[in-house]
Every structure is written in C-alpha cells, then in structure tokens.
Amino acid sequence: MSDFIKQFIRDIPDFPKKGILFKDITTAIKNPDCFKAIIDELYNLFKDKKVDKIAAIESRGYIFGAPLAYKLGCGLVLMRKPGKLPAQTISESYDLEYGQAQLEIHTDAITKGENTLIIDDLLATGGTAEAACKLVKRLEGNIVATAFLIELADLNGSKKIKKYAPVISLLKY
Ligand code: AMP
C-alpha cells in the first residue's frame, strides 16, 4: 500500500528555499483512491487503540486528522500557530532552521488521561512534533502515538520524539 501512496507524492526541489526538497502532498490528496488509502491505512493502525482525541498540527495535519477522527469516532483538537485560538491557551516554542516558532492548544482541548494521537503530514527534524508532545503532556494527556504520512528518516526526527510515544509513519524517505 505504501508503494501505491508513494507514487502520488510530488518532490519539489528548492522549495520554500534552496536546498529543501519539499514533499508535496497536494498530488496525493487530490486523487480520491490515494486519499482513501491513506485514511484507511491510518484507521487500521489505530482502530483498536482506544483513541479519545486526535491532536492535529496546523495546517496539513488537519487534512488527515479530521477524516481519521470521524472514522475512529473520536474528538479532534487543533494545535495552531500563535494568536489563532480564541480561548485560553498554552504554548510551546521550538527551533526552526532560522529562528523560532510556536504551537498553541486550548487548555480545555484534552483532559487528564485522555488517549491522544498526535498527527501531522510530515516528520522532518521533529521540532514541531516535539512541541506538540509537550503540549499534550502539559495537559496530562496520554500520547498513544505520533503519526505522520511521511518521515524524512535522515533528519532523525523520530529520535527526538520517540521518548514520548511510538512514532508511526506510513512512508519513509
Ligand atoms: P520539523 O519540525 O522539522 O519536523 O518539520 C515538520 C513540519 O514542517 C511539518 O509540519 C511539515 O509540514 C513541514 N516540513 C518540513 N520539511 C518539509 C519538507 N521537506 N516537505 C514538506 N513539508 C515539510
């Protein structure tokens, strides 16, 4: 199945800046068979894990988090860039190649002990996903796994986040 999905991922060299090989998922989600295969595969991995909440990372994490939450029959909560969430939030900073970024979550998004699956489209250095893990931990959620469509294995992101929970990626490059 991963070979089927892989053929729909488009590589864009030097985007958004020189030296980055951008993994474009728009070509995967515009194909109905491929989009279905991705969601079905994620569903099969997590259907028996008693997931209470999916915590999806802005913005491409939402694309996979929302249909998966619907299918699993669990709640969907949003992790967003600063200043976007309207109610009380907590926030985590993380390092980017140049400078810093932040991720926020509503303080009432997850309650103590809830089984939470963190999801994003792609794992690169793991900075974003680690911030997501820290937010869920601060709300005392139980992280079931971190899940990605794509993992760029050479960047060792999974090393950074495997201490929080198992790291699951459908496609490795
Ligand atoms: P990182 O924090 O380094 O693991 O970066 C992960 C975040 O940046 C994810 O939300 C991805 O959507 C995005 N990202 C990083 N590198 C790439 C890449 N080569 N292609 C597409 N998206 C990327």
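The following exchange concerns the terms applied to a predicted model and its ligand.

In this predicted model, local features need pLDDT of at least 70, side-chain atom pairs count only at pLDDT 80 or more, and totals for chains, interfaces and linings use all residues. Residues are numbered from 1 along each chain as its sequence is written, and side-chain values use heavy atoms, with hydrogens and water left out.

Me: Why is S169 called buried?
Reply: Buried means under 20% relative accessible area, exposed over 50%, and partly exposed in between, with a 1.4 Å probe and protein chains only. The relative accessible area of S169 is 16%, and therefore S169 is buried. S169 belongs to strand β9 (residues 167-172), where strands (E, at least two residues) and helices (H or I, at least four) are DSSP runs numbered from the N terminus.

Me: What makes K50 count as exposed?
Reply: K50 has 66% relative accessibility, so K50 counts as exposed. K50 lies in the loop between α3 (32-46) and β3, and its phi is near 55°, a positive value in a residue other than glycine.

Me: Why does E140 count as partly exposed?
Reply: The relative accessibility of E140 is 47%, so E140 counts as partly exposed. This residue is in the loop between α5 and β8 (142-151). E140 is not a glycine, although its phi is positive, at about 65°.

Me: How does the reach of helix α5 compare with the expected value?
Reply: The expected span is 1.5 Å times one less than the number of residues. Helix α5 (residues 127-138) has 12 residues, and its 17 Å from first C-alpha to last is close to the expected 16 Å. Among the buried residues of α5 are A129, C133 and V136.

Me: Which residues come nearest to the ligand?
Reply: A residue is near a molecule or strand if one of its heavy atoms lies within 4 Å of it. Of the 14 residues around the ligand, R60, D120, T125, G126 and T128 come nearest. β2 (21-24), β7 (115-123) and α5 each supply at least two residues of the shell.

Me: What makes the pairing of G126 with the ligand a polar contact?
Reply: A polar contact is a pair of N or O atoms within 3.5 Å; within protein, one must be able to donate a hydrogen and the other to accept it, and residues adjacent in sequence count only if both atoms are side-chain atoms. A backbone N or O atom of G126 is 2.7 Å from an oxygen atom of the ligand. The ligand taken alone exposes 490 Å², of which the protein buries 82%, by the Shrake-Rupley method with a 1.4 Å probe, where for residues only the protein chains shown count as cover.
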